[in-house]
Amino acid sequence: MNHETGLRAARGLAVVLLLVAWAGCDRPASVSPTDTGENRAAPRVFTIGMSQCNLGEPWRVQMNADIQAAAARHPELRVIFKDAQNDTLRQRAHVEEFINVRVDLLIISPKEAAPLTEPVARAMEAGIPVIVLDRAVLGDRYTCFIGADNVRIGRAAGEWIKRRLGGRGRVVELKGLMTSIPAQDRHRGFREALAGTEIEVVFEADMKWLEPEARREMESALARFPKIDLVYAHNDPGAHGAWLAARAAGREKEMLFVGIDALPHEGVAYVRQGILDATFQYPTGGEQAVETALRILRGEPVPKRIVLGSRVFDRTNVERGGDPLP
Ligand code: FRU
């Protein structure tokens, strides 16, 4: 073999090697969710973008942990988490970023309904399926909503309070962020249950789901009302903030405290410690979101709305794990 033919053979070999390497590559991006990659050597990896509105509350940390744990059972899933730090504009930008990098599916737990509705719809228009988790958006331009029934939870809290107060008393309502749907629903269900009773809501305020905000609002309520029978807060951090304010004023024994969420290490622990009198479970839905995402990515049909159950924990049942809502 002379020098010239040797060179040609080497070049030929290089081309063949390049082709083999290219064919063996798992080409990423823009494969439709229904393409299960069955004909490929390496299984397809799906990227899920998870837009979390805030990680300031233990409940949201738990939601991300539930998603992470469920996804870890499926090696074909990769989840990218973004935390909007309770900033709606930042969360809108996060959704845009997920659209731009073309994630295979978006899970979003939006801070507020109206401002996140359009970004979610844009993801859908870009062909990215969207699971809306816990706090809803407006309209129906998403793939699936997963969450518990907050009207039902609010109503159950109202019924519990009605029984416990014997149908009369002075109550403080500390509401979650009223531009988010769970707060509107927890308020509505609660007020429905109180209709026709002698229970009076003497003070109500939007504590935006935040414990320090609830504590501040409760200080105002305590300053204005010499007698309060019960505090109903739309979440456990809110109920705990109210309890802290009442304790600082030496009045925590005068009233009952009711919250929502019932995380084992938060609300349920508060009930055990005698800080809260009742808490209503609000499941994070993290695991259901991952299971639903998988079904969507495999091209299987999913329901438009998945409603999760709830339980009540009070001093009579906390040691046996609470009871399902009546
Ligand atoms: C956490 C939280 C929970 C509440 C849920 C409602 O941010 O406030 O405490 O149950 O969001 O969306």
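**Two cavities between two domains**

The largest cavity is lined by 14 residues, with Trp 59, Arg 60, Arg 135, Asn 235 and Asp 261 nearest its centre. The model is predicted. It holds two cavities of 30 Å³ or more. Both domain 1 and domain 2 line the largest cavity, and both line the second largest as well.

**Largest cavity**
- Its space amounts to about 130 Å³.
- Seven of the lining residues are charged, six are nonpolar and one is polar.
- Helix H2 (58-72) and helix H6 (181-194) each contribute at least two lining residues.
- H2 gives the largest share of this lining, three residues.
- Domain 1 (46-148 + 284-309) and domain 2 (150-282 + 314-324) both supply lining residues, so the largest cavity lies between them.

**Second largest cavity**
- The volume here is about 40 Å³.
- Asn 54, Glu 57, Asn 86, Lys 111 and Arg 135 belong to the lining, as do Leu 177, Lys 208, Trp 209 and Leu 210.
- This lining divides into four charged, three nonpolar and two polar residues.
- The second largest cavity also lies between the domains, because domain 1 (46-148 + 284-309) and domain 2 (150-282 + 314-324) each give residues to its lining.

**A shared residue**
- Arg 135 is among the residues nearest the centre of the largest cavity.
- Arg 135 also lines the second largest cavity.

Key. Residues numbered from 1 in each chain as written. Predicted model: local features only at pLDDT ≥ 70, side-chain atom pairs only at ≥ 80, totals over all residues. Heavy atoms only, no water. 1 Å grid on protein atoms, 1.4 Å probe; cavity = no way out; pocket = protein on both sides within 12 Å on 5 of 7 lines; lining within 4 Å. Points joined across faces, edges and corners; volume = space filled by probe spheres on them. Helix = DSSP H or I, 4+ residues; strand = E, 2+ residues; numbered from the N terminus. Nonpolar A, V, L, I, M, F, W, Y, C, P; charged D, E, K, R; others polar. Domains from an automatic or database assignment.
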